[in-house]
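Reader: Please take one part of this model and look at it closely. I would like the surroundings of the ligand, then the fold that carries them.

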Amino acid sequence: ETAIWARLPYGRLVVISVINSTNQYLIDRIGILEPGDVCTAEYQTQGRGRRGRKWLSPFGKNIYLSIYWRFEQGQSATSGLSIMVGIVIAEMLQRLGFEGVRVKWPNDIYLNNSKLAGILLEITGQVGNVIHFVIGVGMNLNMPGSASDMIDQDWINLQEVGITIDRNALVAELINTLRQTLQQFERDGFAPFVNRWQSLDNFYNCPVKLIIGNQEIRGISSGINTNGALLLEQDGEYHAYSDGDISLRLA
Ligand code: BT5
């Protein structure tokens, strides 16, 4: 194996040209990882989303990045965790000048009503209360338009909004943001983030439908609760949805 791990202020970085999946790369090496280790690649042959879905990952200056972490709160905290990662990435992009960036429950970053980035949290092991996990971020910067044939929803490239940003600088920001967020999560949990969701939520107060398996549920999207579950208003009552396989669409 020729990969070179570069020492970061916290953890290490490995940059790879072609890989099956940056999440899988870290999962395969879990025994030798330090918290904060990051893998990034130019191209993924088997980039993945949730529940066996695919993440289209061609060459072309996109970002495919994964970070390894572990902590001791057990598995129950992780729904909030991936929500939180969405919040901080959206806020980071806003800070960098991309004002139109929003979040979509549970783990998408949106720009101009289209999917810009996706987040995939995978738990790779638990010993006692210690969970080991990898968080992957895929972000479109410069994906060819022909990709549209292969993606069954609206998507967008970051570069389409007319602000230029250096990809390496963006990756560095992303790594710092993820590390700080994970450290803050260890200290303070998810609660401080709940209030930051609402103003970023692309569908706040919108009529939506949730697709759960082959069931469809309609209601008004009303933010999240303290566990990161989606709140849906149905006939004047709020219901929380936190199942792992829910797709949200405008109704
Ligand atoms: C996600 O899943 O959105 C999480 C994607 C995480 C990808 C990163 S890349 C680095 C790391 N290594 C990996 O192997 N994965 C992570 P989900 O919510 O299930 O959304 C998947 C859906 O997004 C697909 O079914 C398509 O509709 C759409 N999609 C696929 N590729 C896309 C792309 N490049 N841009 C926008 N949408 C895409």
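Author: Start with the elements that line the ligand. In this predicted model, helix 1 (22-27), strand 4, strand 7 and strand 8 each supply at least two residues of the shell around the ligand. Strand 7 gives the most, with four residues. The shell holds 29 residues in total. The closest to the ligand are S21, G49, G118, G136 and G138. By class, the shell divides into 13 polar, nine nonpolar and seven charged residues. Glycine is counted among the polar ones.

Now the sheet. Strands 4, 7 and 8 of the shell belong to an open sheet of eight strands. Its order is 1-2-3-4-8-7-6-5, and the pairing is mixed. In that order, strand 8 stands between strand 4 and strand 7. The edges are strand 1 (5-7) and strand 5 (101-104), each of which pairs on one side only. From one strand to the next, the twist averages 20°.

Take the edge at strand 1. Strand 1 runs antiparallel to strand 2 (residues 12-19), and three bridges join the two. One contact to look up there is A6, whose bridge partner in strand 2 is L13.

Next, the helices on the sheet. Helix 2 (residues 78-95) packs on the sheet. Helix 2 touches strand 5, strand 6 (108-111), strand 7 (114-127) and strand 8 (130-139). The direction of helix 2 makes about 145° with that of strand 7. Helix 3 (residues 167-188) lies across strand 3 (38-44), strand 4 (63-71) and strand 8. Helix 3 runs at about 20° to strand 4. Strand 8 thus has a part in both packings: helix 2 touches it, and helix 3 lies across it. Strand 8 also supplies at least two residues of the ligand shell.

Step back to the whole protein. It has four helices and 13 strands. Its radius of gyration is 18 Å, close to the 18 Å that the globule rule gives for 251 residues, so the protein is as compact as a globular protein of that length. The C-alpha trace spans about 60 × 45 × 35 Å along the principal axes. Buried residues make up 34% of the 251 residues. Among contacts with a separation of 6 or more, 61% join residues 24 or more positions apart.

Technical notes:
Residues numbered from 1 in each chain as written. Predicted model: local features only at pLDDT ≥ 70, side-chain atom pairs only at ≥ 80, totals over all residues. Rg over C-alpha atoms; globule rule 2.2 N^0.38 Å. Buried ≥ 20, exposed ≤ 12 C-beta atoms within 10 Å, placed from the backbone. Contact = placed C-beta atoms within 7 Å. Pairing = 2+ DSSP bridges. Axes fitted to C-alpha atoms, helices over the stretch in contact; angles between N-to-C directions. Near = placed C-beta within 6 Å.
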